[in-house]
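Work through the following exercises with the sequence and the coordinates at hand, and attempt each task before reading the solution beneath it.

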Amino acid sequence: MGSVEALAATFNRPGSITVFAGEGGLPAVRLASPTSAASATVYLHGAHVASWTDGGGTSLLYMSPTAVYDGKKALRGGIPLCWPQFGPGALPQHGFARTSAWALAATADEAGALSATFALGSSPGTRAAGFAADWVLTYTVRLAKAGGALSLRLAAAVAAGSPPAPITAALHTYFAVPSAAGVAVKGLAGLTYRDSADGGRERTEAADAVTVGAAEVDRVYLDAPSTVRLERGPSAGAVVMRTKNFPDAVVWNAYVDKTAALADMPDEDWRRYVCVEAVSVKTPVVVEGGGSGWGR
Ligand SMILES: O=P(O)(O)OC[C@H]1O[C@@H](O)[C@H](O)[C@@H](O)[C@@H]1O
């Protein structure tokens, strides 16, 4: 990773894309539409999207005011990128992509969109952590200049001759909401979900809309539709999440007790977000040596 100044010299696009030293001095890229209020900020630490504002000026991501920017811990809020493992398992919780120093590989100011592409490769550290494959990840964050639609595309290439890479993953989005108790997540009715707040017990979603804010909600919806709609609350509008190759979906809000146990989120802030996550969990994707896979 180069210095912020060196990265800025290569990757800044006058009037729209700026590399800067963010919180804790960590390098970050800001995409800012010249024609609307749309913007996004992405830290190289974790390739972590830390802010996203739509074309009308609505800030759509929750970022914890007590997030730790030490270049080691995952940032609390925004969009952590969980790869190659979702949740607990043989590797560190939610994998190592979200705690790795990514390279900034490219930026582009195109007619309708701004983008930044990040890259991360396997290392002795990732092999020592127990993930044997040799791989390169590419992650492109694209912001539409007019409406501010955000698109996230993740691709993994596994080197020829490498052991296969078994992958579970998540785009773990913390959506900012006026009040957790006012949200409705639609598109999940009738699905089987694993209730992580109840030991992983499988249940069927009986409600038309999933709600949070009355108890801990931590659910993995299996084989979810490619479109899930988050209604952010009365008069707060909606966000539509469209996915490809992330076949499952998570809805998570930590509520009171779990939030109190999080050192990097204020106790009251469970009221301010709901995570609606594009995930690939039920069936790990196995990318063979010489192969590649992608999702968005
Ligand atoms: O605290 P972490 O590692 O960022 O994880 C936060 C949450 O992430 C969610 O995706 C999981 O479903 C929860 O079980 C977990 O608590």
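**Exercise 1: Two domains and their contact**

The C-alpha centres of domain 1 and domain 2 lie 22 Å apart. The model is a predicted one, in which local features need pLDDT of at least 70 and side-chain atom pairs count only at pLDDT 80 or more, while totals for chains, interfaces and linings use all residues. Residues are numbered from 1 along each chain as its sequence is written.

Task: state which residue ranges the domain assignment gives, and describe the contact by the residues that it takes from domain 1 and domain 2.

Solution. Begin with the bounds, which come from an automatic or database domain assignment: domain 1 covers 1-167 and domain 2 covers 173-282. Next, take the contact between them, to which domain 1 supplies 15 residues and domain 2 supplies 14 residues, two residues being in contact if their C-beta atoms, placed from the backbone, lie within 7 Å. Finally, sort the side of domain 1 that touches domain 2 by class, which yields eight nonpolar, six polar and one charged residues. In this sorting, Ala, Val, Leu, Ile, Met, Phe, Trp, Tyr, Cys and Pro count as nonpolar, Asp, Glu, Lys and Arg as charged, and the others, Gly among them, as polar.

**Exercise 2: The annotated active site**

Task: locate the residues that UniProt lists for "active site", and decide whether His172 is buried or exposed.

Solution. The unreviewed UniProt entry lists His172 and Glu277 under this feature; UniProt positions are given in the numbering used here, feature names are shortened, and annotations may be inferred rather than shown by experiment. Although these residues span 106 residues in sequence, no two of their C-alpha atoms are more than 4.7 Å apart, so they gather at one spot.

Consider His172, which is found in the loop between strand E10 (165-171) and strand E11 (174-176). Here strands (E, at least two residues) and helices (H or I, at least four) are DSSP runs, numbered from the N terminus. A residue is buried if 20 or more other C-beta atoms lie within 10 Å of its own, exposed if 12 or fewer, and partly exposed in between, with C-beta atoms placed from the backbone. His172 has 23 C-beta neighbours inside 10 Å and therefore counts as buried. Leaving aside neighbours within four places in sequence, His172 is in contact with Ile79, Pro80, Cys82, Cys275 and Glu277.

Turn then to Glu277, whose place is in strand E20 (residues 273-287). Glu277 is also buried, because 27 other C-beta atoms lie within 10 Å. Among the residues that Glu277 touches, not counting those up to four places away in sequence, are His172, Val250 and Trp252.

**Exercise 3: The shell around the ligand**

Task: list the residues around the ligand, and explain why the ligand shell lies between domain 1 and domain 2.

Solution. Collect the residues near the ligand, meaning those whose C-beta atom, placed from the backbone, lies within 6 Å of it: Ala74, Gln93, His94, His172, Ser196, Asp218, Val250, Trp252 and Glu277. By class, this shell divides into three nonpolar, four polar and two charged residues. Because domain 1 (1-167) and domain 2 (173-282) both give residues to the shell around the ligand, it lies between them.

Compare this list with the "binding site" feature, which the unreviewed UniProt entry places at Arg76, Gln93 and Arg98. These positions span 23 residues in sequence, yet no two of their C-alpha atoms are more than 13.6 Å apart, so they gather at one spot. Arg76 is found in the loop between strand E4 (48-53) and strand E5 (81-82), and it counts as buried with 20 C-beta neighbours inside 10 Å. Arg98 is placed in the loop between E5 and E6, and it counts as buried with 22 such neighbours inside 10 Å.

**Exercise 4: An open sheet and a hairpin**

Task: give the strand order of the open sheet of four strands, and say how many residues join E6 to E7 in the hairpin.

Solution. The order is E15-E12-E17-E18, with antiparallel pairing, where two strands pair if DSSP finds at least two bridges between them. Strand E15 (209-210) and strand E18 (238-242) stand at the edges with a single partner strand each, so one side of each is left without a neighbour in the sheet. Five bridges join strand E17 (residues 227-231) to E18, and Thr227 has Arg242 as its bridge partner in E18.

For the hairpin, strand E6 (residues 103-109) and strand E7 (residues 113-121) pair in the antiparallel sense over six bridges. Ala108 stands opposite Ser115 in E7, and three residues form the hairpin connection from E6 to E7.
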